[in-house]
2 protein chains.
Amino acid sequence: MAMQPVDSYLNEIIAAITPLALTDVPLIEADGTVLAADTTAQWPLPGFDNSAMDGYAVVAADVASASADNPVTLPVAAEVAAGDTTARTLTAGRCIKIMTGALLPDGADAVIPVEWTDDGRESVVITQPASAGHAIRRAGDDAKPGDLLLPAGTRLGPAQIGVLAAAGHGVLRVRRRPRVTVISTGNELAEPGSPLVPGRIWDSNSYMLASAARQAGCETTRYPTQRDEPDAVLAAIEHAAATSDILVTSGGVSMGGEHDVVKAALTKLGTVSFRKVAMQPGMPQGFGLIGANATPIFTLPGNPVSAFVSFILFVAPAARVLQGLSAQQDARRQARLAGPASSPDGKRSFLRGILDRESGSVTPLTGQNSHQIASLARANALIVIPEPVTSLPAGELVEVLELP
Amino acid sequence: MAMQPVDSYLNEIIAAITPLALTDVPLIEADGTVLAADTTAQWPLPGFDNSAMDGYAVVAADVASASADNPVTLPVAAEVAAGDTTARTLTAGRCIKIMTGALLPDGADAVIPVEWTDDGRESVVITQPASAGHAIRRAGDDAKPGDLLLPAGTRLGPAQIGVLAAAGHGVLRVRRRPRVTVISTGNELAEPGSPLVPGRIWDSNSYMLASAARQAGCETTRYPTQRDEPDAVLAAIEHAAATSDILVTSGGVSMGGEHDVVKAALTKLGTVSFRKVAMQPGMPQGFGLIGANATPIFTLPGNPVSAFVSFILFVAPAARVLQGLSAQQDARRQARLAGPASSPDGKRSFLRGILDRESGSVTPLTGQNSHQIASLARANALIVIPEPVTSLPAGELVEVLELP
């Protein structure tokens, strides 16, 4: 069976993914969701002229001559605090004490900072002039009605949520975080912390992949580990599919015939296809759509490093597409190899490495076999070796994927 | 009042923070926590010699002559699947069918991949030889007992959780995610989505800061917005302190005297100090410890951009120290200004910019006033302009902080 190139496989996955339906969420639940429509300012931001400082609203011409030697004294006609909604008018020759963010009185055209005064209550002594407009924030100087605040496809983090809140958007139309369910399969699996006999191993993939999905911005469920019983595995998958936007299995997709329980269980459905992808680690892959909601399912290989790399390469982009984002994140960069690297002919290799971001050099780690997870836990980048290349000396420029 | 330099203020904060107590958490809750002790392998990883492929366990010498023209045929004495714990012994002249991850039979010294055979059941036709050790993973080739898997102070992400699971650690001693409570204060604040009159604004800070705390790896609670009533604000702060590892307020710390409710409420406690920090945005700052647990409290300024920048500079490092990490994250890099930048003399400025990671150039955005949150929502970096510098032309190298 010919191997499928990595890019072709990824493109096939992306083409099969339908973005999630749009949902309206209250602001407090919007963190990590993705805006589904261009979002504009409906009102000016700020909504009214206000003071940028604590001080005194004045007519600038009244204090034009003020200096330390020749201060100007003005009677304080009123005081206006932030949140005060009373409309006030300032007449020339007077001032109004004003707090940061408070509504600027009609007639005032400058604010004298309190630091330039004696902080008076009945009258105030002003020792510096200010030009018209000083310390005033004009309505709409951040955004005018109709201005685009954020385009569709923006993932909402703190600053984005901040501007939407400031503009009064209490409910947002978004694509929510995808719900990812992770299922490990295999008779060999035992729970970490339980006793073990030779032939058995502790399950690491479900814990690792659940964390990876969370890191990729998804909500995560770890399904109980499944033994190698096709009917039970299929039932678990169908059950989980009903409440998932992505299903991820690990194990059971190799060349072992009836022992490959995931392959055996899903092959009869006809909607999941299995193939060899020209990559290392991670060659045996399966992808398809299952259940009433056509939930995307990824059947990842059981070797931990293979499963992790497959998640980064295929599942994380799919999660992005589900949210209406482009598949690829900006995590690729060039770096210089600090040691030699090798790769099998015809496969794209993803070697674990330690990237020094400052010097731009990347050191391949020892222990690159697909079951060797200890080096993965120390890596902060994957070194990409293209398909035709079998070895590279130290000093060569390579592409690296920074790990999140 | 003289302004305090940014670094001196940060150092003061860091010195006052005591890392969280150690807790034991089950693996499923360990995501995002920080290992509190060096963690070693207690058993070999893998725990037993096993097959790297689906195929046939053989004595390598038996198949040394195998070729497509002259295949070697061996009787299949048994079959061993992953998870099978029966000890088997291979005698020369025979083979044992074996699956990926399955226990290697005694006496076998190579595995012939199924692709090099006719996949026979009773007997198998082998068309390629293999050297001793082929496709075998030796016990301990990933880690030996006593090997350090991860040092204390490692934040646990997917790969780290994976290796700890694989090594059988079901419970981990960690410092958990800090619990951060965010409280906005101000009579001017209304809930986003509610109607507004001039003088009032929609609260953005509590939503923004809650998201920022989550992004910084914390668990977040958004406390109801408080009006400018000192007793109520103090009660809210003391109530929240009992269940928080960090408290963050915004607003009420300016120069407005009794209108600065946070300052007014906390000053009488005597454990929180207020100062001007030589930075823009974000000059008015307060920090201290409150309540029975000496909970760190940050009283951030109310301007949204000031609050955000203060969070990045002071609160996020404090959260890291609470988890036993070093204060600074590796988010600083050099970039070349794509346009001119200016800064007030004597203050360190943090200008919003768009960093092009590939070209290494950074463009300052328009709208740099501290209330202008629209530009913050478009920025992916803060451009750092040192205290003595008042203007920089395009083309200068500057330090930038990449936003998370």
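## A helix in chain B

Let's start small, with helix α4 of chain B, which runs over residues 230-241. This helix has twelve residues, and the distance from its first C-alpha to its last is 16 Å, close to the 16 Å expected at 1.5 Å a residue. Keep in mind as you look around that this is a predicted model.

Which residues of α4(B) are buried? They are P230(B), V233(B), A236(B), I237(B), A240(B) and A241(B). Those residues sit on the same side of α4(B), because they cover an arc of only 130° around the axis. And what do the buried residues of α4(B) pack against? In chain B, their partners are the strands β13 (179-184), β17 (246-250), β20 (284-290) and β21 (295-300), plus the helix α5 (261-267).

## Chain A as a whole

Now zoom out to chain A. You'll find seven helices and 28 strands there. Of the 404 residues in chain A, 54% are buried.

How far does the C-alpha trace of chain A span along its principal axes? The answer is about 95 × 50 × 40 Å. The radius of gyration tells you something too: chain A has 31 Å, while a compact globule of 404 residues would have one near 22 Å.

You can also ask how far apart in sequence the touching residues are. Take the contacts in chain A between residues at least 6 apart in sequence: 70% of them join residues at least 24 apart.

## Where the chains meet

Chains A and B touch each other, with 76 residues of chain B in contact with 75 residues of chain A. Which elements of chain B give two or more residues to the side that touches chain A? Look for the strands β11 (148-150) and β15 (201-202), and for the helices α2 (158-166), α3 (205-215), α6 (304-322) and α7 (373-378). Helix α2(B) gives the largest share, eight residues.

What kinds of residues make up this side of chain B? They divide into 37 nonpolar, 26 polar and 13 charged.

## How the two copies are related

Here's the general idea: two copies of a chain are related by a rotation about an axis and a shift along it. In this model, a turn of 180° and a shift of 0.0 Å along the axis lay chain B on chain A with an RMSD of 0.1 Å. The two copies are therefore related as by a two-fold rotation axis.

The contact surfaces fit into the picture as well. Of the interface residues of chain B, 99% are also interface residues in chain A, so the copies meet through the same surface.

Terms used:
Residues numbered from 1 in each chain as written. Chains lettered and ligands numbered in written order. Predicted model: local features only at pLDDT ≥ 70, side-chain atom pairs only at ≥ 80, totals over all residues. Helix = DSSP H or I, 4+ residues; strand = E, 2+ residues; numbered from the N terminus. Rg over C-alpha atoms; globule rule 2.2 N^0.38 Å. Buried ≥ 20, exposed ≤ 12 C-beta atoms within 10 Å, placed from the backbone. Contact = placed C-beta atoms within 7 Å. Expected span 1.5 Å × (residues − 1). Arc of directions from axis to C-beta. Nonpolar A, V, L, I, M, F, W, Y, C, P; charged D, E, K, R; others polar. Least-squares fit on C-alpha atoms with pLDDT ≥ 70 in both.
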